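Okay, thanks for making time, everyone. I'll put the structure up and then walk you through a few parts of it.

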Amino acid sequence: MKTLKNIAIAICASVVLTSCFNDRKPNYQYFPNMYESVGYETYGEYEIFPGQQSAMMPVENTVPRGFVPYDYENSTEGLNLAKAELDNPYKVTEENLKVGADLFNIYCAVCHGDKGDGKGILATREKFLGIPSFADAGRTIVPGGIYHVQTYGLNAMGSYASQTTEKERWQIAMHVMDLKASLKGEPGVLETVQAEKELTESLTSVTDDNATQK
Ligand code: HEC
């Protein structure tokens, strides 16, 4: 009789203790601060902030850290001016090209295709129309223009300014110039730079020879 009572108590106790248990959620929060941050969440709503948003605009007349001002306007004139005046401030190196190629494959290849022929997966599935090939004779594909359209976007193409840094956009531009060269069957940008370097070196050594002969 006593054992029967004990068993009954045990069953009741286990039902009571386990019935409200939900294994998808933490049960007791012994240290709630570990689960619920005491700090302000980046996009949280708190009364203390203007508009009750913890995310605020930068103070007027300041720029966010790492931001590089860009003086060309988001317009056709701005694009043409950037194409004419602006050049890649970074040196063509294997490393810059590698970073540019990786980023291009992440952000751009879905539309432009990994070869830059305008036949990315979204183009072949007709999700986006009018995606040009970088070798398109009707377009002037130059570093300044490539940087400009990444910064502002162009019609159906969006801006990449929030996903990429200034340097990354130039690295991507370098890779785009490389793709354009390979589409046209021309030597890649790295070979071109090396060939130019060798040419100037041989020219200076000729001048040096002339100088020593005199
Ligand atoms: C959603 C598809 C899409 C993605 C992703 C995309 N583009 Fe474009 N891109 C376009 C379209 C469409 C055009 C043609 C826009 C026009 O002329 O109206 C274009 C045009 C261009 C041009 C030619 C601009 C000119 O001067 O005529 C360049 C260069 C370019 N894109 C580079 C890039 C780079 C670099 C990336 C990645 C950072 C990228 N695109 C991502 C759709 C895309």
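So, which residues does UniProt list for "domain: Cytochrome c"? The unreviewed entry gives residues 95–180. Keep in mind that what you're looking at is a predicted model. Over that span, residues 95–180, we get 53% helix and 0% strand, and the C-alpha atoms at the two ends sit 19 Å apart.

Next, the inside. The largest nonpolar core is made of 19 residues, and the ones with the most contacts inside it are Ile146, Tyr147, Ala173 and Val176. Three helices, α4 (94–107), α7 (143–152) and α8 (166–183), each put in at least two residues. The largest share of this core is from α8, with 7 residues.

Let me zoom in on Tyr147 for a second. If you skip the neighbours within four places in sequence, Tyr147 is in contact with Ala82, Leu86, Arg169, Trp170 and Ala173. And yes, Ala173 is back again, having turned up among the core residues with the most contacts.

Now on to the ligand. How many residues surround the ligand, and which are the closest? There are 23, and the closest are Cys108, Cys111, Asn155, Ala156 and Met157. In terms of helices, α5 (109–112), α7 and α8 each supply at least two residues of that shell. Here the largest share comes from α7, at 4 residues.

For those of you thinking about the chemistry of that shell, the residues split into 17 nonpolar, 5 polar and 1 charged.

That's my tour; happy to rotate the view if anyone wants another look.

Technical notes:
Residues numbered from 1 in each chain as written. Predicted model: local features only at pLDDT ≥ 70, side-chain atom pairs only at ≥ 80, totals over all residues. UniProt positions renumbered as here; feature names shortened; annotations may be inferred. Core = buried A, V, L, I, M, F, W, Y, C linked by C-beta atoms within 7 Å. Buried ≥ 20, exposed ≤ 12 C-beta atoms within 10 Å, placed from the backbone. Contact = placed C-beta atoms within 7 Å. Near = placed C-beta within 6 Å. Nonpolar A, V, L, I, M, F, W, Y, C, P; charged D, E, K, R; others polar.
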